[in-house]
Amino acid sequence: KYHYKWMTMMLVGHGAGELTSILEGTVFNAWYYRANGAKIGKNCYLAGLVVEYDLLEVGDNVAIGEGCDNTCHTVENMVIKLSRSKVESGACLCPGSF
């Protein structure tokens, strides 16, 4: 069942690509993440790649730079493996991190 949800999020994400690029680094991006199921703390700068919003948790005072890969999956032997990802409070992910 989760696989269907994941595929739906992938399709929606592609369709909303322009919107997400416009929202990067704004307070509205945190709202967008929350609307898609992410747990986002206060005072966060969010600019990076996210696919599985519902598996992402970001603490307070976090900066995620442009080009960071915050996906919560890997593909191993043609199998998608999903796992929760947590960015602790006060963390700073430099541009291009993954």
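Leucine 46 is in contact with Glu24, Gly25, Asn29, Ala30, Tyr33, Ile40, Val58 and Ile64, once its neighbours within four places in sequence are set aside. The model in which these contacts are found is a predicted one. Leucine 46 is a useful place to start, and the text now turns to the core around it. Leu46 is among the residues with the most contacts inside the largest nonpolar core, a list that also holds Tyr33, Ile40, Leu56 and Val58. This core has 18 residues. Helix 3 (27-35), strand 3 (56-58) and strand 4 (63-69) are the elements that give two or more residues to the core. Helix 3 supplies the largest share, 3 residues.

The overall plan of the chain comes next. The protein has 3 helices and 8 strands. Read from the N terminus, the order of elements is α-α-α-β-β-β-β-β-β-β-β. Of the 98 residues in the protein, 34% are buried. Among contacts with a separation of 6 or more, 40% are between residues 24 or more positions apart. The protein exposes about 6,300 Å², and 59% of this comes from carbon and sulfur atoms.

How are the strands arranged? One open sheet consists of 3 strands in the order 1-3-7, and its pairing is parallel. Strand 1 and strand 7 (85-87) stand at the edges of this sheet; each has a single partner strand, so one side of each is left without a neighbour in the sheet. Strand 3 and strand 7 run parallel and are joined by 3 bridges. Within this pair, valine 58 stands opposite valine 87 in strand 7. Val58 has already appeared in two places: as a contact of leucine 46, and in the list of residues with the most contacts inside the core.

Another open sheet is formed by 3 strands in the order 2-4-8, again with parallel pairing. Here strand 2 and strand 8 (92-93) are at the edges, and because each has a single partner strand, one side of each has no neighbour in the sheet. Strand 2 and strand 4 run parallel, with 4 bridges between them. One bridge can be named: tyrosine 45 has alanine 63, in strand 4, as its partner.

Strand 5 (residues 73-76) and strand 6 (residues 79-82) pair in the antiparallel sense over 4 bridges. In this pair, threonine 74 is opposite lysine 81 in strand 6. The two strands form a hairpin with 2 residues between the strands, and in this hairpin asparagine 77 takes a positive phi near 55 degrees.

A last stop is cysteine 44. Where is cysteine 44 found? Cysteine 44 lies in the loop between strand 1 (39-40) and strand 2 (45-49). Is cysteine 44 buried or exposed? Its relative accessible area is 17%, and because buried means under 20%, cysteine 44 counts as buried. Leaving out residues up to four places away in sequence, cysteine 44 touches Val58, Gly59, Asn61 and Val62. Val58 is thus in contact with cysteine 44 and also with leucine 46. Alanine 30 is 14 residues away from cysteine 44 along the chain, and the C-alpha atoms of the two are separated by 7.5 Å. Ala30 is also one of the contacts of leucine 46, the residue with which this account began.

How values were computed: Residues are numbered from 1 along each chain as its sequence is written. This is a predicted model: local features need pLDDT of at least 70, side-chain atom pairs count only at pLDDT 80 or more; totals for chains, interfaces and linings use all residues. Side-chain values use heavy atoms; hydrogens and water are left out. A nonpolar core is a set of buried Ala, Val, Leu, Ile, Met, Phe, Trp, Tyr and Cys residues joined through side-chain atoms within 4.5 Å. Buried means under 20% relative accessible area, exposed over 50%, partly exposed in between (1.4 Å probe, protein chains only). Contact means heavy atoms within 4.5 Å. Two strands pair if DSSP finds at least two bridges between them. Accessible areas come from the Shrake-Rupley method with a 1.4 Å probe; for residues, only the protein chains shown count as cover.
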